[in-house]
Each structure stands twice: as C-alpha cells, then as structure tokens.
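Student: I'm new to this one and would like a close look at a single part of it. Could you pick a part and walk me through it slowly?

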Amino acid sequence: MTLRLVEFVVAGNEASDLLPVRSPALLSAHRARRGFWTVLDEGPVERCLALLLEREDGEWVAHHVPADAGVENGRTEDGEALAHHDGWVYVFGSHFGSKAGPLRPRRAFVARFREDDAATGTLPLQVVRNRFRVHRAVNDALVKAPFTPLPPGDRVRHRFIVETLARGTARAKSWVSRLSEDDLPLNVEAAAFAPDGTVLLGLRFPVTADGEPILVELAGVPEMFTTGESWPRAGRAYALAGVTPPGTLVGFRAVTPTGDGGWAAVIGSIDALGKGSVLLDDHPAGGGVTSRHVRFRWSPGDDGPTVAGEFVADLAPFHHVEGLAELEGRCFYVTDEDHRVALWIG
C-alpha cells in the first residue's frame with residue numbers, strides 16, 4: 001500500500017484515534033470537505049481535542065478545539081479513544097497509568113460532546129469519572145472469559161495494582177473497594193459503538209496468554225450521562241484470533257465500524273519501546289511489534305469465545321499507528337511517530 005503523508009503541528013503532539021467528522025455544520029464552519037477528530041493525550045480532555053481538516057482547496061490543516069468541562073476541568077488525563085453514538089462524540093480515557101504505574105483515577109473517565117456545538121465558540125463537554133468502576137466491571141468479565149488472560153508479571157502487578165491499592169488506602173479513597181490484588185491493569189486504547197448502544201472496547205493490555213488482542217462488551221455508557229448513578233456493565237470478552245504474529249503479544253490500538261456492518265482495527269505493541277515500560281520489562285515479546293490493519297465481524301452477544309480476524313495490511317515500519325478510518329474507498333491512519341501528528345492517506 002502506498003501512503004501519502006500530511007504532517008500537522010498540534011498542541012500536545014501525540015495523537016490518539018481518528019474519527020470522521022459527521023457534522024455538515026462543523027465542516028462548513030471550517031470550509032472543509034472532510035475532517036477527522038483526534039485526541040491529544042498529554043493533558044486534560046478539554047484541552048486535547050483537535051480536528052484534522054481537508055479544506056475545499058485540498059489543503060490539510062489542524063485546528064485545536066477549545067472546550068469547557070465545567071467542574072471537571074483539569075480533572076482528567078490520557079484520552080485515548082473516540083466513538084460516535086446518537087449524535088454525540090464520546091471520548092474514553094485509557095483507565096491505565098504511567099508506564100511505570102500506578103493506575104491513575106484521572107484516566108478512568110468518559111466524556112462526550114455534540115459535534116455541531118464545535119462549529120461555534122467553546123465546545124461544551126460532559127465528563128463522567130467512574131473511579132475504577134469500568135476497571136472492576138471489565139476485570140470481572142475477564143475472570144468469566146472462556147480464554148486465559150496473560151498473567152501480569154510480578155512487577156506489573158506490584159506497580160499497577162498493589163501500589164494503587166496502597167495509595168488509595170493511605171488517602172482513604174472509596175474507590176479502593178473496586179480493586180483487588182488479583183486484578184489485571186487495563187489499558188483501553190479503542191472503542192466503538194454498536195447500533196444498540198453497546199460499546200466494543202479494544203484493550204491494549206491485557207492480552208490473552210496466547211498473545212491475542214482482547215475485546216470486551218460494555219453496556220450502559222450513555223446512561224452514565226443521563227440517569228445519575230448508573231454505571232456501565234461489562235458483558236462478554238472475546239479474543240481476536242488469527243492476527244497475532246508468531247512469538248509476539250499484540251493489543252488493540254484502534255477499532256472502527258465499517259460500512260458493510262463489520263469492524264476494522266489496528267493492532268500492535270502492548271507498550272512503547274525505550275520509555276521505561278514495566279509491561280515490557282515483564283513481557284518483552286510485546287514491544288518490537290509493528291502495527292497491522294485487520295478486519296473482523298462481531299455483533300453484541302456473539303457466543304465467542306473468539307472472533308476471527310482477517311489481515312488487511314502490514315503497516316511496517318510504523319510502531320505507533322494510533323487510529324484509522326476507512327472512508328470513501330480510502331484508508332486513513334494517524335501516527336505519533338517522531339513526536340509529530342501525521343496523517344497517512346492510502
């Protein structure tokens with residue numbers, strides 16, 4: 001596949017995910033014929049939303065979108081995944097921690113906004129921080145899964161789980177009741193809604209004991225914003241089979257629905273090389289993996305336990321493809337290689 005590069009200068013310079021703009025009003029406001037949302041994960045979510053736009057004359061530009069989360073301003077970090085549902089754009093935090101741990105409650109959030117509202121002025125942003133409720137729900141689903149998740153390793157368990165529990169207990173945080181020493185740390189990198197409102201979460205970590213990426217159903221996400229004390233519920237967990245290179249571990253980097261009712265995804269390394277990752281200290285086979293474009297079929301409640309993956313393209317030499325879109329017969333990828341936001345068009 002031959003790819004054309006478009007580079008951008010955007011505050012934060014670390015893009016995550018790529019979501020097509022659906023709002024005609026928003027495109028018109030920027031005199032653009034197409035565009036994509038991305039999230040810059042180096043700061044609170046209200047400072048990290050950006051548009052990558054192709055103007056009517058063919059020029060590509062980046063636009064940093066100012067947003068206001070009200071009382072939640074400054075209380076989130078590490079937005080990773082974007083998804084459309086019912087007129088809203090949802091932003092999912094990683095629910096993870098720094099590369100050496102511990103888990104960070106600020107990363108356990110979901111935000112949303114109306115796309116049309118970005119056409120004029122500061123964007124109103126709704127934020128719900130779940131204080132490890134998603135962590136608990138997904139871990140419970142993984143315990144019931146018909147496959148074996150990869151054990152985290154002693155350093156990973158200590159840095160991400162034991163230290164998080166110790167810090168929370170010392171500070172008398174109520175969320176410690178939602179953590180267990182046997183838990184797996186979650187790194188949410190991908191999310192997409194099914195038509196019924198179920199979210200399909202793609203995990204970068206954990207992976208299965210065979211190195212396969214894991215998908216988890218999550219219900220009740222929109223209700224967090226409309227019914228007060230309503231929290232998501234995890235359903236089935238699935239392993240994506242047939243796409244992991246031999247001798248490696250791969251996790252999800254992006255998931256998006258396709259026009260034929262299927263799903264496309266990027267899979268790749270479980271963490272970045274050369275940045276002090278405790279995950280890679282314990283699991284070095286998950287580091288030197290280049291990104292791959294794959295597809296699969298899935299519907300909420302599928303029996304599982306595996307979903308068959310189909311290889312589409314090897315995206316070597318890239319290790320950090322953070323998002324993809326299949327649009328009008330073309331493939332678009334966003335990367336953060338070399339500390340730049342780069343859009344690759346195939």
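Tutor: Let's begin with the vocabulary: helices (H or I, at least four residues) and strands (E, at least two) are DSSP runs, numbered from the N terminus. Residues are numbered from 1 along each chain as its sequence is written, and side-chain values use heavy atoms, with hydrogens and water left out. What you see is a predicted model, where local features need pLDDT of at least 70 and side-chain atom pairs count only at pLDDT 80 or more, while totals for chains, interfaces and linings use all residues.

The part I'd pick is an open sheet of 8 strands, with mixed pairing and the order 12-13-14-15-19-18-17-16. Two strands pair if DSSP finds at least two bridges between them. Strand 12 (187-193) and strand 16 (251-257) are at the edges; each has a single partner strand, so one side of each has no neighbour in the sheet. On average, and ignoring direction, neighbouring strands of this sheet are turned by 30° against each other. (Axes are lines fitted to C-alpha atoms, for helices over the stretch in contact, and angles run from 0 to 180 degrees between N-to-C directions.)

Start at the strand 12 end. Strand 12 and strand 13 run antiparallel and are joined by 6 bridges. Look for A191, whose bridge partner in strand 13 is L201. Helix 2 packs on this sheet too, touching strand 13, strand 14 and strand 15, and its direction makes about 55° with that of strand 15. Contact here means heavy atoms within 4.5 Å.

Helix 2 (residues 133-144) is worth a pause. Its 12 residues should span 16 Å at 1.5 Å a residue, and its end C-alpha atoms are 17 Å apart, which agrees. (The expected span is 1.5 Å times one less than the number of residues.) Buried residues of helix 2 include R133, H135, V138 and L142. Buried means under 20% relative accessible area, exposed over 50%, and partly exposed in between, using a 1.4 Å probe and protein chains only. Besides strands 13, 14 and 15, the buried residues of helix 2 pack against helix 3 (154-170).

Just ahead of helix 2, R131 sits in the loop that follows strand 11 (126-129). R131 isn't a glycine, yet its phi is positive, about 50°. Most residues other than glycine have a negative phi, and most peptide bonds are trans. R131 counts as partly exposed because its relative accessible area is 33%.

Back at the sheet, there's another oddity in the loop between strand 13 and strand 14, where you'll find P206. The peptide bond from F205 to P206 is cis, with omega near 0°.

Now move along to strand 18 (residues 292-296), which holds H293. H293 is buried, with a relative accessible area of 0%. Its side chain makes a polar contact with the side chain of E326, at 2.7 Å. A polar contact is a pair of N or O atoms within 3.5 Å; within protein, one must be able to donate a hydrogen and the other to accept it, and residues adjacent in sequence count only if both atoms are side-chain atoms. Setting aside neighbours within four places in sequence, H293 also touches A264, F311, L324 and Y333, among others.
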